[in-house]
Amino acid sequence: MTARHTLPLALLLAGALSCAEATSPSRVPNYEWRLVWEGGLDTLSFHWPEDMLPVKIWVEDSLDMPARVQEGVDDWQGAFLYGEYAAVLVSDSSSADVVVRVVTPPPKAIATVNRLNTLLPGCEGATDLDIEFIATQYELRLPVRMYVAPRYDPATTDLTECFRVTARHELGHSLGLFQHTSDSRDIMYGNPEAEGLSARDINTAQLVAHWPANLIPTR
Amino acid sequence: MRIPYAFPLAAALALAPAAPAAGQVRLTAMVGVTGSSALVTDQIFEDIELKPALAPTFFLSASLPVATRLRASLDLSYGSSSADLTESGQDASDLGSIGVLTAAVALEGPLVSRLSWRLSLGVIEYLPSEETGLFSDGVPVAGLFGAGLDWRQPLSERWSGVAGVRYDFHLFTTPTLEAAGFSGSQQVSRVGLAIGAAWDFQ
């Protein structure tokens, strides 16, 4: 066998290999995620900047909530292809970017807090976003505060799945999904019942992570 | 093209025949750099491209004559670099490092003067440092087609200096990309430049 014989064979093989063509997904369907600000004057989009990853989350050690939040973090991290989101649970709340308390959402402390509420049959949740317009930009004051609380006595009712769904939903708010959807199959549905992230949740989360953010996290 | 578990087999085949044919074997070791085209191209608001950075690469081969003016060669290469993500041409993030291991069988023969050609077929395996994101379910071994040119300068009876250029082509995808809706596979071309030495058994 010589080059005269092997070259055509190799070119034929290369041609066959090159037939395939990669096509990226369209990220459709998705839903509106941006926060409508002050009656429609503006819409705010947020994602964690790369230099803040991994996001530091402190979780009150009650009702096995750290495990539920960790499951939610794992789910959301799995939704991204390029490392756009990562989070770790930390033991010091003073330096945390997100603070999760196992308590009924208290009255809003200040007027600038924008609260997103969630209500399930067995438990409830809320995420507080403290947003202010400072000088030339919108700022999200950290930490983002999340609340998850039982509506029944957890000693007599197994609320594990309810906590799991609520933690996943509230984490969705913390990574920039600021609206509730109208589709009960989405984890970001107002009263979520989905056991996992929908294709719409994943598509939207990926869009959020690459959409130009006009809400900047500050401390 | 996916060939799960083929890499260990190919590597074993690549190493096994060298000893029995020791009387005619030529061992070549080279070091160089390899550049790659994008592993993934995507669009989320803006164009996204994931590409390994220039990778320091080691090349090893063992060859023996199989006909007049023709040698068969068994090749291994390994390189490692960062996996860089760019968004609209701007650096976006670094997805950790990624090792690239190849094993191939090749044919080589003289071209002109001290220049020789080579054509190869083999497998390529990506070894990301972090199994997250698009690498979270691993990266399947893929088939590889390669070609190259070597310049060989005799230094002594047994030793010669070698400078080579390598090109290879393969298709890249991962189970995570397929699950995310990517259809088909990304065509990936790599070019390597290397220098080294060859030792001929007498």
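**Chain A, its contact with chain B, and the setting of B:Ala147**

Of the 219 residues of chain A, 47% count as buried. The model is a predicted one. Chain A comprises 4 helices and 9 strands. Read from the N terminus, its elements follow the order α-β-β-β-α-β-β-β-β-β-α-α-β. Among the contacts in chain A with a separation of 6 or more, 68% join residues 24 or more positions apart. The accessible surface of this chain amounts to about 10100 Å². Carbon and sulfur atoms hold 54% of that surface.

The interface between the two chains was examined next. Chain A contributes 26 residues to the contact, and chain B contributes 34 residues. Interface size is often expressed as the accessible area lost when the parts come together. Here, chain B and chain A bury about 2600 Å² between them. Of this area, 69% lies on carbon and sulfur atoms. On the chain B side, B:Ile44, B:Phe45 and B:Phe145 provide 22% of the area buried against chain A. No other three residues of chain B supply as much.

Polar and charged pairing across the interface was also counted. The rule finds 1 salt bridge between chain B and chain A. A:Arg27 forms a salt bridge with B:Asp42. The closest N and O atoms of this pair are 2.6 Å apart. Residue pairs in polar contact between the two chains, both at pLDDT 80 or more, number 6. Several elements of chain B each supply at least two residues of the side that touches chain A. The strands are β2 (40–44), β5 (70–87), β6 (90–112), β7 (115–128), β9 (159–172) and β10 (186–200), and they are joined in this list by helix α2 (175–179). By residue class, the side of chain B that touches chain A divides into 20 nonpolar, 11 polar and 3 charged residues.

Within chain B, one strand position was considered in detail. B:Ala147 belongs to strand β8, which spans residues 142–154 of chain B. Its relative accessible area is 23%, so B:Ala147 ranks as partly exposed; the buried class requires a value under 20%. Leaving aside neighbours within four places in sequence, B:Ala147 is in contact with B:Arg118, B:Leu119 and B:Ser120. B:Ala147 also touches B:Val165, B:Arg166 and B:Tyr167. B:Leu119 lies 28 residues from B:Ala147 in sequence. In space, the C-alpha atoms of B:Ala147 and B:Leu119 are 4.3 Å apart.

Note on methods. Residues numbered from 1 in each chain as written. Chains lettered and ligands numbered in written order. Predicted model: local features only at pLDDT ≥ 70, side-chain atom pairs only at ≥ 80, totals over all residues. Heavy atoms only, no water. Contact = heavy atoms within 4.5 Å. Buried area = accessible area lost by both parts, 1.4 Å probe. Salt bridge = Lys/Arg side-chain N within 4 Å of Asp/Glu carboxyl O. Polar contact = N/O pair within 3.5 Å; in protein donor to acceptor, adjacent residues only side chain to side chain. Nonpolar A, V, L, I, M, F, W, Y, C, P; charged D, E, K, R; others polar. Buried < 20%, exposed > 50% of the residue type's maximum accessible area, 1.4 Å probe, protein only. Areas by Shrake-Rupley, 256 points an atom, 1.4 Å probe, with all protein chains shown as cover.
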